[in-house]
Amino acid sequence: MQLIYHTFDLQLRHTFTIAHDSRDVQPTLIVELRDGDLSGLGEATSNPYYGITIPNMIESLETAKTIIEGGAYRSAEELWDLVHPLLQNNSFAQCALDEAAHDLFAKKKNQKLYESWGLNIDNIPLTNFTIGIDTVEKMVSKMKELPWPVYKIKLGTNEDLRIVSELRKHTNALFRVDANCAWTAEQTIAFAPELKKLGVEFIEQPLAANDIEGMKKVFAECVLPVIADESCIVESDVKSCHGLFHGINVKLTKCGGPTAAKRMIAEAKSLGMKTMIGCMTETSVGISSIAHFLPLLDYVDMDGSLLINNDPASGVTFDYGRIIFPNRTGSGAMLNA
């Protein structure tokens with residue numbers, strides 16, 4: 001077993017702005033697990049908000065290299081457990097490794113990843129396409145550049161309702177909005193009736209993650225469903241979100257990869273909560289890993305590879321929000337030659 005690193009600077013099609021970040025370039029780490037003629041690929045992007053860099057991900061993985069390359073494990077889940085004590089402080093690094101392991105072990109079974117998980121893709125959700133914060137004119141231009149059935153609109157400005165109202169004039173698509181912790185409980189409750197009239201399906205993470213009392217009020221009084229993102233990072237957060245949110249948005253990078261994400265989704269479903277997976281501007285490697293969760297999800301935000309100009313990989317593709325799986329085993333992702 002060999003552990004191999006591939007690093008890339010991804011050029012974004014447009015400056016991507018959310019309530020607490022703006023960027024034009026997204027560094028990413030692609031991890032390859034090679035065993036003979038088979039290779040598994042996984043990915044995690046850097047993230048200043050969480051203190052994640054390419055060097056510190058590699059440094060973390062190097063601490064577990066002896067275990068990883070020793071190959072004394074029979075599944076991705078077994079590897080996750082073996083290395084977690086060493087990688088628990090860098091979930092992004094663990095995610096990249098875990099995605100690669102799931103890809104590799106599915107290939108060893110000569111199965112697509114969802115097949116190796118006992119799932120089928122007969123009934124799967126469409127992915128939304130994200131419109132980052134910008135001038136209204138540029139946000140409209142982005143929608144016209146890529147007509148789509150579902151848009152997620154990043155908010156957190158002083159003109160949020162006007163933005164959604166103006167965008168509505170240019171499309172009949174379903175809207176979702178993501179405030180990235182920028183609102184108060186009072187704003188959320190006041191905005192929701194107007195957003196509902198404008199065809200918004202749900203509000204993602206309206207309040208700061210530590211505003212528990214505010215979320216109790218929102219959960220009780222908001223006319224739209226609310227979905228947790230920053231409030232639901234790791235497995236222990238799922239139970240804490242019950243009674244505060246109607247659903248959770250799991251990020252593979254934040255929780256440590258598919259192994260942990262599957263457990264989080266199962267727990268959320270047991271609590272009667274909606275399930276979603278979001279992306280972190282990954283290439284087709286990370287996005288293809290997300291795709292295999294689709295049978296387990298109510299919603300998905302897996303547009304990362306559509307936001308970049310220089311995808312170094314290929315994998316799942318899109319047809320007006322519909323995900324198309326390549327005819328390859330594992331996750332279906334492969335690095336371009």
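**Figure 1. V177 and its bridge partner in strand β7 of the predicted model.** In this predicted model, V177 has I203 as its bridge partner in β7. The two residues belong to a wider pairing, since strand β6 (residues 174–178) and β7 run in the parallel sense and are joined over 3 bridges. Between these two strands the chain passes through helix α8 (residues 185–197), and the resulting β-α-β crossover is right-handed. How many of the 5 residues of strand β7 are buried? In β7 (residues 200–204) the number is 4 of the 5, so the strand is largely enclosed by the rest of the structure.

**Figure 2. The other neighbour of β7, strand β8.** Strand β8 (residues 226–228) pairs with β7 in the parallel sense, here over 2 bridges. Within this pairing, E204 has I227 as its bridge partner in β8. To travel from β7 to β8 the chain goes through helix α9 (residues 212–221), and this β-α-β crossover, too, is right-handed.

**Figure 3. The sheet to which these strands belong.** An open sheet is formed by 8 strands, which follow one another in the order β4-β5-β6-β7-β8-β9-β10-β11 with parallel pairing. As a reminder for reading this view, strands of a sheet pair through backbone hydrogen bonds, either parallel or antiparallel. Which strands lie at the edges? The edge strands are β4 (129–131) and β11 (299–301), each of which pairs on one side only. Neighbouring strands of the sheet are turned against each other by 25° on average, direction ignored. At the β11 edge, strand β10 (residues 274–278) pairs with β11 in the parallel sense over 3 bridges, and I277 stands opposite V300 in β11.

**Figure 4. A salt bridge between strands β5 and β6.** K152 and D178 form a salt bridge in which the closest N and O atoms are 3.7 Å apart. This pair links distant parts of the chain, for K152 sits in strand β5 (residues 150–154) and D178 in strand β6, 26 residues apart. Are K152 and D178 buried or exposed? Both residues are buried.

**Figure 5. Two further salt bridges, seen with the exposure of their partners.** The whole structure contains 21 salt bridges according to the search, and two of them are shown here. In one, D134 and K142 are joined, with their closest N and O atoms 3.4 Å apart. D134 counts as partly exposed because its relative accessibility is 25%, while K142 counts as buried because its value is 9%. In the other, the side chains of K169 and E166 meet with 2.8 Å from N to O. K169 is exposed, with a relative accessible area of 59%, whereas E166 is partly exposed, with 22%. Elsewhere, salt bridges that share partners join K152, K154, D178, E204 and D301 into one network.

**Figure 6. The crossing of helices α3 and α12.** Two packed helices are described by the angle between their axes and the distance between the axes. The axes of helix α3 (residues 76–87) and helix α12 (residues 258–270) come within 9 Å and cross at roughly 100°. Because angles of 65 to 115 degrees count as roughly perpendicular, α3 and α12 are therefore roughly perpendicular to each other. Where the helices meet, A76, E77 and W80 of α3 are in contact with T259, A260, K262 and R263 of α12.

Technical notes: Residues are numbered from 1 along each chain as its sequence is written. This is a predicted model: local features need pLDDT of at least 70, side-chain atom pairs count only at pLDDT 80 or more; totals for chains, interfaces and linings use all residues. Side-chain values use heavy atoms; hydrogens and water are left out. Buried means under 20% relative accessible area, exposed over 50%, partly exposed in between (1.4 Å probe, protein chains only). Two strands pair if DSSP finds at least two bridges between them. A crossover is right-handed if, with the strands pointing away from the viewer, the path from the first strand over the helix to the second runs clockwise. A salt bridge is a side-chain nitrogen of Lys or Arg within 4 Å of a carboxyl oxygen of Asp or Glu. Axes are lines fitted to C-alpha atoms, for helices over the stretch in contact, and angles run from 0 to 180 degrees between N-to-C directions. Angles under 35 degrees count as roughly parallel, over 145 as roughly antiparallel, 65 to 115 as roughly perpendicular and the rest as oblique. Contact means heavy atoms within 4.5 Å.
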